[in-house]
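Dear colleague,

Please find the structure below, with its sequence, so that you can follow the description while looking at the residues yourself. My notes on what was found come after it.

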Amino acid sequence: MRPADATIAAPDLPTGLSWIGAEPESMPALTAAGPAIVHFLDFAQLNSVRTLPYLREWNRRYRQAGLRVIGVQSPRFPFGADPEAVAAGLTRLGVDFPVAIDAERELWQSYGLEGWPSLFLWAMGGALSWFHFGEGEYLETELAIQEELREGDALRSLPELMPPLRPEDAPGARVMAPSAEVFPGGGWERPWIAGEDADELVVEYEAGGAWATVEGFGSLTVAIDGEPHGALEIPGPGIYELVAHERHGSHTVTLIPEAGMSVWSVSFAPGLP
């Protein structure tokens, strides 16, 4: 949405952050030649991951026109502050723009954030032009990007707007809300550990799909509604898709990880009715 105050200036980037990719000199330098997106995310959080294909494509489409995109990894769980885990997770997700690891949430607090993902579009010169919390408004965000790029050149040729990447992203689509995220270890502070808490984890849900945030390495066997659904090879900490359903519905997912693997959360994607 558009900010009520057109004079809000971009907080500068704290010194000492770890970066995956090229570290920008500063926010003033970043916005000196064109608009910039600052996108707060966690590479192991479902809503963040579902936005990233749009961020990747906007970066590809508009970088030559002057747009700069940076991500800010604001960890939910301890492994989210580990540069090696973050770098590997972002590579699996195809992220090719610079990402800062805001391990102490210093930048998160400067922006006054409360959840993932959160997107801010700063105009050339560093004034806030557009912001959005959560998923959605992809069309409106891209329109805001194009508007800012045309501020510098009204006749600039820009690509056609992206079509929705998922049916539930289409303007006016009717979407069913999924079940709430499950923290099987009992909360944010501790994961469920295979072989210590139990050998298998069973979760009932209503959604269009299910994902698990897992820490560890090895094989994760999955069953859906009591039927085998294959096994995932987990190469490191991150979030992994367990199943995608054609429509929203009621299901049960059973996870059987190798002993010692941790499941921090099971989260659910919205679906069409």
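**Salt bridges, a cavity and a surface patch**

The count of salt bridges comes to ten, and please keep in mind that the model is a predicted one.

One of these bridges joins the side chains of R60 and E57, at 2.5 Å from N to O, and both residues lie in helix α2, three residues apart, which is about one turn of the helix. Although they are partners, R60 is exposed, with a relative accessible area of 57%, whereas E57 is buried at 18%. Another bridge, at 3.1 Å from N to O, brings together R61 and E142, and this pair links distant parts of the chain, since R61 is in helix α2 and E142 in helix α5, 81 residues apart. E142 counts as buried, with 1% relative accessibility. Salt bridges that share partners join E57, R60, R61 and E142 into one network.

Helices α2 and α5 also appear around the largest cavity, where they and β5 each supply at least two residues of the lining. The volume of this cavity is about 80 Å³, and the largest share of its lining, three residues, comes from α2. By class, the lining has five nonpolar, seven polar and no charged residues; among them are H39, W58 and Y138.

On the surface, L139, L143 and L161 form a nonpolar patch with about 210 Å² of accessible area together. L143, which is placed in helix α5, is partly exposed, with a relative accessible area of 40%.

With best wishes

Notes:
Residues are numbered from 1 along each chain as its sequence is written. This is a predicted model: local features need pLDDT of at least 70, side-chain atom pairs count only at pLDDT 80 or more; totals for chains, interfaces and linings use all residues. Side-chain values use heavy atoms; hydrogens and water are left out. On a 1 Å grid over the protein atoms alone, a cavity is a set of points where a 1.4 Å probe fits but cannot get out, and a pocket is an open set with protein on both sides within 12 Å along at least five of seven lines; lining residues have an atom within 4 Å of a point. Grid points are joined across faces, edges and corners, and a volume is the space filled by probe spheres set on the points. Helices (H or I, at least four residues) and strands (E, at least two) are DSSP runs, numbered from the N terminus. Ala, Val, Leu, Ile, Met, Phe, Trp, Tyr, Cys and Pro count as nonpolar, Asp, Glu, Lys and Arg as charged, and the others, Gly among them, as polar. Patches are made of residues with over 30% relative accessible area and no salt bridge: like charges are joined within 9 Å, nonpolar side chains (Val, Leu, Ile, Met, Phe, Trp, Tyr) within 5 Å. Accessible areas come from the Shrake-Rupley method with a 1.4 Å probe; for residues, only the protein chains shown count as cover. A salt bridge is a side-chain nitrogen of Lys or Arg within 4 Å of a carboxyl oxygen of Asp or Glu. Buried means under 20% relative accessible area, exposed over 50%, partly exposed in between (1.4 Å probe, protein chains only).
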